[in-house]
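Work through the following exercises with the sequence and the model side by side. Each one sets a task and then solves it step by step.

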Amino acid sequence: MELGYFMPEKRVNRNCISYWLPMLMESGVAIPKTELIAGVSGEILHILDGKETPEFKDLVGRIIAAGNRMGWPCFVKGGEYSGKYMWKYSCHVPRPAAVRQNVGRLISDGECENIMGFAWDVFAVRELIPPHKESFPAFGGGLPIRKER
């Protein structure tokens, strides 16, 4: 049986990195280098059925290309979701060979956590800010946490 996936209709999405990142960049606030990948097809959601569509393969290739420009490891997130609690299995991508698995996990976890679905038409590849030496791993994915001040 084929599952029918849908992408939420296009709207101004204030939660999406594509909305707020340009404002941060204009403000002069220090942010990690970030490359947005826009125009991602809803067909990537078939990865939830174990079907690696050409669209998903294209997304993986685009993330690898951005990661090569950014440097590895890098931080990858959807427009609205990063899956940071499962850090080493989702948003923390240590090398190009991990992109396919981590992005698949990112999408899977995101869909499980939000029954209405996140908008997956934008992804961001971000420079990874190295964890501070005083950080400790938290949650199931080893998210590095540290005292802020």
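**Exercise 1. Determine whether lysine 33 is buried, partly exposed or exposed, and describe its surroundings.**

Step 1. Lysine 33 has a relative accessible area of 47%, and because buried means under 20%, exposed over 50% and partly exposed in between (1.4 Å probe, protein chains only), lysine 33 is partly exposed. The structure is a predicted model, in which local features need pLDDT of at least 70 and side-chain atom pairs count only at pLDDT 80 or more, whereas totals for chains, interfaces and linings use all residues. Residues are numbered from 1 along each chain as its sequence is written, and side-chain values use heavy atoms, with hydrogens and water left out.

Step 2. Lysine 33 belongs to the loop that runs between helix 1 (17–27) and strand 1 (34–38), where helices (H or I, at least four residues) and strands (E, at least two) are DSSP runs numbered from the N terminus.

Step 3. With contact taken as heavy atoms within 4.5 Å, and leaving aside neighbours within four places in sequence, lysine 33 is in contact with Met70, Val125, Arg126 and Glu127. Isoleucine 129 is 96 residues away from lysine 33 in sequence, yet the C-alpha to C-alpha separation is 9.7 Å.

**Exercise 2. Find the strand that holds arginine 126, and characterise the setting of this side chain.**

Step 1. Arginine 126 is part of strand 4 (residues 122–127), a mostly covered strand in which five of six residues are buried.

Step 2. Arginine 126 is itself buried yet has no salt bridge, a term that requires a side-chain nitrogen of Lys or Arg within 4 Å of a carboxyl oxygen of Asp or Glu. Glutamate 127 is the nearest side chain of opposite charge, 8.3 Å away from arginine 126, with Lys and Arg counted as positive, Asp and Glu as negative, and His and the chain ends not counted.

Step 3. Not counting residues up to four places away in sequence, arginine 126 touches ten residues' worth of surroundings that include Ile17, Trp20, Lys33, Met70 and Phe75.

Step 4. Across the strands, threonine 34 has arginine 126 as its bridge partner, and phenylalanine 75 also stands opposite arginine 126.

**Exercise 3. Establish how the strands are arranged in the sheet, and explain why strand 2 (residues 74–78) is largely enclosed.**

Step 1. Two strands pair if DSSP finds at least two bridges between them. Strand 1 and strand 4 pair in the antiparallel sense over five bridges, strand 2 and strand 4 likewise pair antiparallel over five bridges, and strand 2 pairs with strand 3 (residues 92–93) over two, again antiparallel.

Step 2. The result is an open sheet of four strands in the order 1-4-2-3. Strand 1 and strand 3 stand at the edges with a single partner strand each, so one side of each is left without a neighbour in the sheet.

Step 3. Individual partners can be read along strand 2: cysteine 74 has valine 93 in strand 3 as its bridge partner, while valine 76 stands opposite valine 125 in strand 4 and glycine 78 opposite phenylalanine 123.

Step 4. Strand 2 is largely enclosed by the rest of the structure because five of its five residues are buried. Both faces are covered, with Cys74, Val76 and Gly78 on one side and Phe75 and Lys77 on the other.
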